[in-house]
Amino acid sequence: MTTTEVKSEQKAAKPVTQLGDRIFAGSAKGAGIAILVVLAGVASFLLIEAFPAVTAPESELPGGLVAYVGPLIFGTLLGAVIALVVATPAAVAVALFISHYAPRRLSQGLSYIVDLLAAVPSIVYGLWGAWTLAPLSVPLSNWLTDNLGWIPLFAGPASTTGRTMMVVGLVLAVMILPIITAVAREVFLQTPSLHEEAALALGATRWEMIRMAVLPFGRSGIISGAMLGLGRALGETMAVAMILSVSGAVTFNLISSENPGTIAANIALQFPEASGITVNVLIASGLVLFVITLLVNMLARYIVERRRDFSGAN
Amino acid sequence: MGKSVEAKDLNIYYGSFLAVEGVNMTIKPKTVTALIGPSGCGKSTFLRSINRMHENIPGARVEGRLELDGQDLYGANVDPVGVRRQIGMVFQRPNPFPTMSIYDNVIAGMKLNNKKASKSELDDTVERSLRGANLWNEVKDRLEKPGSGLSGGQQQRLCIARAIAVRPDVLLMDEPCSALDPISTLAIEDLINELKNDYTIVIVTHNMQQAARVSDFTGFFNIEGTGKPGKLVELDETKTIFSQPKQKATEDYVSGRFG
Ligand SMILES: Nc1ncnc2c1ncn2[C@@H]1O[C@H](COP(=O)(O)OP(=O)(O)OP(=O)(O)O)[C@@H](O)[C@H]1O
Ligand SMILES: [Mg+2]
């Protein structure tokens, strides 16, 4: 009897907290819960609406769900990977130039321009890609297939309109460049001068200093930036829908007129005329995109986490 | 290894601000020279001009002559990167590369100089340098662990090992013990005594006892007031500086009667 009394007394004696702290803690907790609720809502909507497509009989859905979504998954990943492969090195180079090479004035102007790129709406990129870059890419595609045709990526025959996966990848690369650059620039600027000086004092050139001190320190930032970019490239809708000429082919041939579609663009193009089971199929493909993006983010976290010991955070 | 350093009428600027004026100083090979003086008098600035780290700060520049065994370090076609490979530096706060293992930290400088060093050469260098820095026994079983996992004193000795791994001619130390406990400080002072067999050492310190314990020569820098340049007041054998300095200002400072 006495022990329980003591316990309840201890419980009652709460640590003293300020009202401001309690309000802040409460609203932060509320915001966190709200995010989870919204996320759960979206996920359950996708799951419930996608379910009929998974169980649909062969007669309603010729070839089945996998045959429909498969090429779209492939196209989504292909476009996003091209964008990432092109944009990441470029973004790191631009970020390094801004943070460690350019004189102050120039680097400020340049940062501003890069940030401005991020503010361009994707429909504008779509227009630019379809009207300018696509025709411009035709001679390049011809040259690639003539000279480097033995590489499967450039097997050809080159598309005459230029509405190819390569152009989509390049436009997506330009679109994700600013976000990767911005994130990378911020971490590069935060490199402790302690470590930069350590490298310089050992007789490192500026580039060697960057390799010894700046890039290792910025590694996790580069990865997070790239993953943010990848997320945007995976989900990009309008630009892809406007540029790509889709045949549904599953091919690594980037410059021909036979291209796989992407999930997001496909939903945007098909949804207005969809009815019945087709709607469920589109939603199922949206669910797949959701899962892919989730996996990408988890992978990024894992990579960043794995080398925490060496990250210099301690 | 172990070359002399000579400064002739050295003026050191940050932009238009003259931080250190008219330093004339000869540092003999294989000796330890301590630089003392009140805060802000330009000890670090002078030290950093010796290995041309000073000019990394935008607008910073140097006038006059600085020689390493008679060779002009600020000559028209002298590469600062080359100078820094000959003149090593240890900083006030230990700064091992956090992303590198202990092993890689030690050979970081060597990798810059000699890209094709064989594995056994690298192993030898790591052991020699860590033994030289009195750290080998403490870390030999965890060379692959990150250098940032060591204690502060161990990290500082790792930085010394990294600096001596490339066998520099001169070793500069800017208050290397100020972030360390007394035991680690003693360990580093012992180490300095051993290192002077091979290297010319210049050490900045605020600790008068430390200057007296480790150095052969002591230079006293002073500053007349804020905004004025720092100057080398006197450089002499350490025992002379601490017993019968020629300048009144030096005597006041070493006896603790400093304003
Ligand atoms: N990066 C810099 N830019 C401009 N002025 C500087 C810079 N670093 C140092 N100074 C100035 O140069 C003068 C000498 O500074 P320095 O750091 O060399 O002094 P110090 O003797 O090492 O002092 P302490 O004992 O506190 O380390 C000071 O007046 C300081 O304000
Ligand atoms: Mg200093």
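The following exchange concerns a predicted model and the surroundings of its ligand 1.

Colleague: What makes the pair between ligand 1 and the side chain of Ser39(B) a polar contact?

Modeller: An oxygen atom of ligand 1 is 2.5 Å from an N or O atom in that side chain of Ser39(B). The cut-off for a pair of N or O atoms is 3.5 Å, so the pair qualifies as a polar contact.

Colleague: How do you know that Thr45(B) makes a polar contact with ligand 1 through its side chain?

Modeller: The distance from a ligand oxygen to an N or O atom in the side chain of Thr45(B) is 2.4 Å. That value lies within 3.5 Å, and therefore the pair counts. For Gly42(B), a polar backbone atom is 3.0 Å from an oxygen atom of ligand 1.

Colleague: How much of ligand 1 does the protein cover?

Modeller: On its own, ligand 1 has 630 Å² of accessible area, and the protein covers 63% of this.

Colleague: Which residues of the shell are closest to ligand 1, and which element gives the most?

Modeller: Of the 13 residues that surround ligand 1, the closest are Ser39(B), Lys43(B), Ser44(B), Thr45(B) and His206(B). Helix H1(B) gives the most, with 3 residues. Strand S2 (17–27) and helix H1 (43–50) of chain B are the elements that each give two or more.

Colleague: What classes of residue make up the shell around ligand 1?

Modeller: The shell has 6 polar, 5 nonpolar and 2 charged residues.

Colleague: What is the secondary structure over residues 73–300 of chain A?

Modeller: That stretch is 76% helix and 0% strand, with its end C-alpha atoms 20 Å apart. An unreviewed UniProt entry places the feature "domain: ABC transmembrane type-1" at these residues.

Technical notes
Residues numbered from 1 in each chain as written. Chains lettered and ligands numbered in written order. Predicted model: local features only at pLDDT ≥ 70, side-chain atom pairs only at ≥ 80, totals over all residues. Heavy atoms only, no water. Near = heavy atom within 4 Å. Polar contact = N/O pair within 3.5 Å; in protein donor to acceptor, adjacent residues only side chain to side chain. Areas by Shrake-Rupley, 256 points an atom, 1.4 Å probe, with all protein chains shown as cover. Helix = DSSP H or I, 4+ residues; strand = E, 2+ residues; numbered from the N terminus. Nonpolar A, V, L, I, M, F, W, Y, C, P; charged D, E, K, R; others polar. UniProt positions renumbered as here; feature names shortened; annotations may be inferred.
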